[in-house]
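Please look over this model with me. My notes follow as numbered points.

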Amino acid sequence: QVQLVESGGGLVQAGGSLRLSCAASGRTFSIYGLAWFRQAPGKEREFVAGINWSAGSTFYVDYVKGRFTISKDNAKNTVYLRMSSLKPEDTAVYYCAVRRNPRAEYEYWGQGTQVTVSS
């Protein structure tokens with residue numbers, strides 16, 4: 001089992017920044033990758049960014065490249081999502097999730113943290 005706890009969401013004006021955190025605990029040695037997803041009201045959940053747990057390689061959906069940065073603190077087993085130049089369309093509940101191999105589904109999910117960007 002892997003437990004994930006997100007934090008750092010909130011209300012920010014357009015153009016502002018936020019940093020989300022995802023703290024992992026439990027069987028973290030089994031993690032292959034961690035990703036951030038988001039779900040806006042009335043929309044499907046979508047992938048935002050991901051990081052390979054051991055190698056540190058990162059992946060982004062096109063529309064956040066250059067604005068969002070995913071990073072990992074190995075000592076704290078915590079992954080961050082630094083979001084800059086936020087837009088109202090970034091408003092969503094943000095979730096982190098992990099998978100245990102590159103072909104697996106994301107199996108463990110956090111509870112989510114709300115990000116609201118005002119115009």
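1. How many bridges pair strand β3 with strand β8, and in which sense? The two strands, residues 18-26 and 78-83, pair over 6 bridges in the antiparallel sense. Ser-21 stands opposite Tyr-80 in β8. Strands here are DSSP runs of E, at least two residues, numbered from the N terminus; pairing needs at least two DSSP bridges.

2. A caution on the source. This is a predicted model, where local features need pLDDT of at least 70 and side-chain atom pairs pLDDT 80 or more, while totals for chains, interfaces and linings use all residues. Residues are numbered from 1 along each chain as its sequence is written, and side-chain values use heavy atoms, without hydrogens and water.

3. The open sheet has 4 strands, ordered β1-β3-β8-β7, with antiparallel pairing. β1 (2-7) and β7 (68-73) are at the edges with a single partner strand each, so one side of each has no neighbour in the sheet.

4. β1 and β3 run antiparallel, joined by 6 bridges. Glu-6 has Cys-22 of β3 as its bridge partner. Side chains alternate along β1: Val-2, Leu-4 and Glu-6 point to one face and are buried (under 20% relative accessible area, 1.4 Å probe, protein chains only). Gln-3, Val-5 and Ser-7 point to the other face and are not buried.

5. The largest nonpolar core (buried Ala, Val, Leu, Ile, Met, Phe, Trp, Tyr and Cys joined through side-chain atoms within 4.5 Å) holds 30 residues. Leu-4, Leu-34, Trp-36, Leu-81, Met-83 and Tyr-94 touch the most other members.

Key
Buried means under 20% relative accessible area, exposed over 50%, partly exposed in between (1.4 Å probe, protein chains only).
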